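Colleague: I should like a close look at a single part of this model, namely a helix, together with its cap, its charged pairs and whatever packs against it. Please go on from there to the salt bridges elsewhere and to the nonpolar cores.

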Amino acid sequence: MTHSHEPSYRRVDLDQDEALRLLGSVSLGRVVFTRQALPAVRPVRHVLDDGDVVVLAHDAAALAPRGLRSGDAGVIVAYEADAIDPDTHLGWSVVVTGYAQLVSDPAELVRLHELSWSEAPVEGGEQAVRIHPELVTGVLVTESGGAARAAR
């Protein structure tokens, strides 16, 4: 009889509040959008603001060239962030799907920059995109028999 010393993993679905709390604990993620009718992914910085995910990109309009304009209803995008330990493969992943809109108000841009990127100078071409979540999903991967809690 052989015994495996490999850990067994358990997947725990997170509720929306816990998923957003974990998302707010990191500053980097990936925005998923459509470019030339194909899915595209870009790493970006983010901050949570009043329940929305706000990302900063050098050319945010490139996220949806024909649909992402200030004042529009927005375009559908997904945003993913995670914290997965490369050795143990334990951690969490959160995906937010919703409508993205350019932030065009200069005062709002300054406020958002101060919230999240105060150490980084504003470079020419940086724009903010606000994603209003329509669907928030999250998963925690933990060892079987271990506490099903994310690191706080």
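Modeller: The N-terminal end of helix α1 is capped by Asp15, one of whose side-chain oxygens lies 3.2 Å from the backbone nitrogen of Asp17. The model is a predicted one, and side-chain atom pairs are counted only at pLDDT 80 or more.

Within helix α1, which spans residues 16–23, Glu18 and Arg21 are three residues apart, about one turn of the helix. Their side chains form a salt bridge, with N and O at 3.0 Å. The two partners differ in burial, because Glu18 has a relative accessible area of 16% and is buried, whereas Arg21, at 31%, is partly exposed; the cut-off for buried is under 20%.

Glu18 is one of the buried residues of α1, alongside Ala19, Leu20, Leu22 and Leu23. The cover over these buried residues is drawn from several strands, including β1 (9–14), β3, β4, β5 (75–84), β6 (91–103) and β7. The setting of the helix is a protein with two helices and seven strands, arranged from the N terminus as β-α-β-β-β-β-β-α-β.

The packing around α1 leads to the nonpolar cores. In soluble globular proteins, nonpolar side chains tend to be buried together. The largest nonpolar core here has 25 residues, and Leu23, Tyr79, Val96 and Ile131 are those that touch the most other members. Two or more residues of this core come from each of α1, β2 (28–35), β3, β4, β5, β6 and β7. Strand β6 gives the most, with five residues. Another core, of five residues, lies apart from it and has Val47, Val54, Val103 and Ala128 among its members.

The pair in α1 belongs to a wider set, for the whole structure contains nine salt bridges. Among them is the contact of Arg130 with Asp49, whose closest N and O atoms are 2.7 Å apart. Arg130 is in strand β7 (residues 127–143) and Asp49 in strand β3 (residues 38–49), so this salt bridge ties together parts that are 81 residues apart in sequence. Both ends are buried: Arg130 has a relative accessibility of 15%, and Asp49 has a relative accessible area of 9%.

Arg130 also meets Asp52 in a salt bridge, at 3.2 Å from N to O. Here too distant parts of the chain are linked, with Arg130 in β7 and Asp52 in strand β4 (residues 52–57), 78 residues apart. Asp52 is buried, as is Arg130. These contacts form part of a network of salt bridges that joins Asp49, Asp52, Glu108, Arg111 and Arg130.

A few totals place these details in the whole protein. Of its 152 residues, 36% are buried. Among contacts with a separation of 6 or more, 70% are between residues 24 or more positions apart. The accessible surface comes to about 9,100 Å², and carbon and sulfur atoms account for 53% of that area.

To return to the helix, α1 is thus capped by Asp15 at its N-terminal end, carries a salt bridge between Arg21 and Glu18, and is among the elements that give two or more residues to the largest nonpolar core.

How values were computed
Residues are numbered from 1 along each chain as its sequence is written. Side-chain values use heavy atoms; hydrogens and water are left out. A salt bridge is a side-chain nitrogen of Lys or Arg within 4 Å of a carboxyl oxygen of Asp or Glu. Helices (H or I, at least four residues) and strands (E, at least two) are DSSP runs, numbered from the N terminus. Buried means under 20% relative accessible area, exposed over 50%, partly exposed in between (1.4 Å probe, protein chains only). Contact means heavy atoms within 4.5 Å. A polar contact is a pair of N or O atoms within 3.5 Å; within protein, one must be able to donate a hydrogen and the other to accept it, and residues adjacent in sequence count only if both atoms are side-chain atoms. Accessible areas come from the Shrake-Rupley method with a 1.4 Å probe; for residues, only the protein chains shown count as cover. A nonpolar core is a set of buried Ala, Val, Leu, Ile, Met, Phe, Trp, Tyr and Cys residues joined through side-chain atoms within 4.5 Å.
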